[in-house]
Structures are given as structure tokens and as C-alpha cells.
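Here are my comments on the model, set out as numbered points. Please read them with the coordinates open beside the text.

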Amino acid sequence: MSKRDYYEVLGVAKTASEGEMKSAFRKLAMAYHPDRNPGDKEAEIKFKEVNEAYQTLSDGQKRAAYDRFGHAAFSQGGAGGPGFGADFGDFMSDIFDTFFGDARGGPGAGARAGRPGGGRERGADLRYNLEISLEEAFTGKTETIRLPTSVTCEVCAGSGAKAGSKPRACPTCGGYGRVRAAQGFFAIERTCPNCQGRGEIIDDPCAACGGAGRVTRERTLSVNVPAGVDDGLRIRLAGEGESGLRGGPAGDLYIFLSIKPHPFFQRDGADLFCRVPISMVTAALSGEITVPVIDGSHTTVRIPAGTQTNKQFRLKGKGMPVLRSRDVGDLYIQVFVETPQNLTKRQRELLQEFDQQGTGVDNHPESAGFFSRVKEFFDGLSGSGRA
């Protein structure tokens with residue numbers, strides 16, 4: 001299947017600026033991210049397609065090659081026809097380096113910009129699972145967490161070199177992190193085998209971190225959990241992940257929230273449900289019951305005479321707060337009538353006496369109506385059989 005146009009994938013014009021492309025990419029990446037679409041293969045494919053398009057168009061060299069040759073610029077063989085066994089994107093990169101190397105900053109510019117060369121690699125993102133109670137989700141809280149992670153080495157300040165020394169530019173690649181091999185008019189560019197793309201050589205590594213520029217430590221962080229959070233919510237702490245190699249930027253820390261089951265309440269969005277048993281006498285004659293509220297208080301609910309099982313009573317504004325909003329959900333009290341058990345002799349006599357007084361349509365309209373319809377149903381079957 002042929003690839004879609006990269007500009008079409010991002011939904012931008014060919015004249016779009018870097019900022020416009022970045023904004024479009026962020027929206028699409030969030031929409032199709034695997035964490036938001038678990039098990040959705042189509043979303044996963046679209047996420048990869050969006051990422052591939054942005055990786056190409058956000059790079060000035062690759063974008064220029066794509067604008068001229070389209071997808072052929074990065075396919076085997078490329079637009080140059082037979083004889084180009086390597087990725088044509090590498091060839092186009094070298095063409096631009098040949099003619100515009102000085103304007104781009106020359107070797108070492110990539111190191112200063114955080115690209116290959118310089119060894120500054122971004123740290124990994126970290127995940128922390130945090131379980132809280134429903135009451136804590138209602139009020140919000142500040143949680144102190146401890147996690148082992150890589151932090152910048154204080155001895156060498158992240159350089160990886162022993163105190164008093166510093167890394168030197170790799171003599172093989174001149175600090176760029178990549179080397180070239182001429183092949184006719186073109187040149188093949190590959191990762192430098194001497195420095196593995198870092199662009200630097202450390203002759204005397206720091207003893208504390210072994211030249212990595214970072215060490216493992218346990219960190220203590222304070223996490224603000226806002227009121228109204230729901231199960232599965234993710235909180236991102238930018239720059240609080242693993243430190244980068246040799247002074248590279250740190251990754252992010254993602255806090256994944258889970259809420260413990262509650263003994264009384266079940267949650268549906270901002271609404272809470274509480275199932276409460278009531279006695280047969282209270283259901284028949286009316287009465288009052290005291291029920292708990294998530295804020296720690298309690299309230300009284302009036303039960304009218306003749307209340308049936310599964311009857312719901314709504315307590316407005318007694319539910320959960322809506323995240324980043326002033327709205328509040330409701331509390332629904334769902335009652336069920338409990339049949340008495342372990343009756344005494346006298347209680348049995350009273351119930352039998354009650355039954356003998358008659359339990360007609362007025363006392364039990366639902367059961368009377370049901371059995372009346374059952375009788376009509378069987379009468380109809382009998383009549384059909386005789387016919």
C-alpha cells in the first residue's frame with residue numbers, strides 16, 4: 001500500500017512553519033498515543049505514521065529532499081535510479097553537507113544542538129504507580145514519593161570526565177559523531193565507530209560515575225494530586241525522569257493513579273452510588289435512614305411508605321468534584337428491602353395473621369398484576385388448543 005503524503009498526514013500545508021508542524025504533531029500524537037488507545041491497532045498504525053511524517057518534515061535536510069523527490073528520497077534505490085543500495089536519505093544529507101556545511105555550523109554543530117555528536121543523550125522517561133483512596137481523590141492530596149533513578153553526577157557535573165579534565169573531540173569524526181565514506185559523487189555517512197556517535201572521547205573518566213555523567217540515587221519528590229482525579233489518570237512531571245547521559249536533558253516522570261475500592265461507594269464519573277438495606281417494616285410504613293457522605297459527614301434520607309427494592313434517592317451535590325471544574329456530581333442512594341430471617345414464633349404468627357387479612361391488588365399491585373397476566377396467558381393457550 002502506498003504511503004500517504006506526509007503533509008496530508010499532519011494536516012498542514014507544504015508552506016507550514018516549524019511551529020505549525022510541531023503543534024499539529026502534538027495534537028495528533030496525543031490523539032493516537034497507545035496509552036490512550038490500548039489494544040487499538042488502527043490508532044497504533046496512525047501514531048507511527050504521524051511520528052514518521054514529523055521526523056521527516058521537522059528536519060530541514062529531509063524536508064528539502066522530500067519536497068523534491070517525495071517518498072522516493074528515503075526508499076531503497078531512491079530517486080537516483082539503480083546503483084543506490086544505501087538509504088537515499090543519507091545521500092541527500094551528504095549533498096546538503098557538501099554545499100551548505102558551513103552555513104549549518106559544520107562538524108560539531110550537531111553536538112551543540114543535542115543531535116549525534118557530543119554524547120548528550122536524553123534520559124529515559126520513568127513510571128510510578130500511585131494508589132490512593134476514594135476520599136483522597138475527593139479532597140486531593142500532596143503525596144511524597146521515593147524512587148531510585150539516575151541523577152547527574154555531582155563530582156563531574158555530568159561531563160563524565162575526571163575533575164580537572166574534560167572530554168576531547170573525537171579525532172576520527174572531528175566531534176561530529178558521524179564519518180563519511182566517498183562513493184563517487186555521493187558520500188555514505190555512518191555513525192563513528194570510535195566514539196559510537198557521541199563526538200567526544202573521555203581519556204580520564206570520572207571515578208564516581210564511570211564516565212556516564214550520572215549515578216543512581218533515591219530521590220524524594222512531592223506530587224500534587226488534584227481533587228476529582230479518576231482511576232487510570234496519568235500525571236506528568238516534566239524533567240523529573242532519568243538524567244541524560246553526559247549532561248543531556250532529563251526524561252519525564254509519569255505518575256499513574258489507581259483508586260482503591262470503597263466499602264460503601266461505587267463511582268461512575270462524578271456520581272457516587274451507595275446501596276443501602278432497609279427493613280420490610282420501614283419500606284412498608286415509611287421511615288428515615290442515615291447514610292454516609294464521601295466528605296466524611298452523614299445525612300438523613302426519608303423513605304416513603306411502599307418503597308420497593310432498587311428505588312433510588314438522589315442527593316444533589318454530594319458526589320465527586322469534577323477535575324479542574326467547579327462542578328460536583330451527585331450521590332444516589334439505592335435501597336433494597338431485606339427479608340427478615342430467624343423469625344421467632346410470635347413473629348411468624350403475626351406475619352401469618354397479616355397474610356390471612358388478605359393481600360390483594362391494593363397491597364401487592366405488581367405481583368397481583370403479574371400473576372393475572374400469567375393466568376391470561378395460559379387461558380389463551382388453552383383456548384387455542386380447543387380451537
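**Notes on the predicted model**

1. This is a predicted model, and its pLDDT averages 81 over the protein, with 83% of the residues scoring at least 70. Residues 76-118 need separate handling, since the pLDDT there is below 50, although this stretch still has 80 contacts in the model beyond near neighbours in sequence. Where pLDDT is low, the predicted coordinates should not be read in detail.

2. As to overall make-up, the protein contains ten helices and 15 strands, and 34% of its 387 residues are buried. Of the contacts between residues at least 6 apart in sequence, 61% join residues at least 24 apart. The accessible surface comes to about 23,800 Å², and carbon and sulfur atoms account for 50% of that area.

3. Which residues have the most contacts inside the largest nonpolar core? They are Ile255, Ile289, Val301 and Ile333, in a core that has 33 residues. Once neighbours within four places in sequence are set aside, Ile255 is in contact with Tyr128, Leu130, Ile145, Val223, Leu233, Arg234, Ile235 and Leu237. A second core, separate from this one, has 15 residues, including Tyr6, Phe25, Tyr54 and Tyr66. In soluble globular proteins, nonpolar side chains tend to be buried together.

4. The surface also carries a nonpolar patch, formed by Phe377, Phe378 and Leu381, which together have about 330 Å² of accessible area. Leu381 belongs to helix α10, which spans residues 365-386. Is Leu381 buried, partly exposed or exposed? Leu381 counts as partly exposed because its relative accessibility is 47%, a value that falls between the limits of 20% and 50%.

5. Two backbone angles deserve a look in the viewer. Most residues other than glycine have a negative phi. Ser286, which is not a glycine, nevertheless has a positive phi of about 90°, and this residue lies in the loop between α8 (280-285) and β12 (287-292). With a relative accessibility of 24%, Ser286 counts as partly exposed.

6. The other angle is that of Asn342, also a residue other than glycine, whose phi is positive and near 50°. Asn342 is placed in the loop that runs between β15 (331-338) and α9 (345-356). Why does Asn342 count as exposed? Its relative accessible area is 78%, and exposed means over 50%, so Asn342 meets that cut-off.

Terms used: Residues are numbered from 1 along each chain as its sequence is written. Side-chain values use heavy atoms; hydrogens and water are left out. A nonpolar core is a set of buried Ala, Val, Leu, Ile, Met, Phe, Trp, Tyr and Cys residues joined through side-chain atoms within 4.5 Å. Buried means under 20% relative accessible area, exposed over 50%, partly exposed in between (1.4 Å probe, protein chains only). Contact means heavy atoms within 4.5 Å. Patches are made of residues with over 30% relative accessible area and no salt bridge: like charges are joined within 9 Å, nonpolar side chains (Val, Leu, Ile, Met, Phe, Trp, Tyr) within 5 Å. Accessible areas come from the Shrake-Rupley method with a 1.4 Å probe; for residues, only the protein chains shown count as cover. A salt bridge is a side-chain nitrogen of Lys or Arg within 4 Å of a carboxyl oxygen of Asp or Glu. Helices (H or I, at least four residues) and strands (E, at least two) are DSSP runs, numbered from the N terminus. pLDDT is the predictor's confidence in each residue, from 0 to 100.
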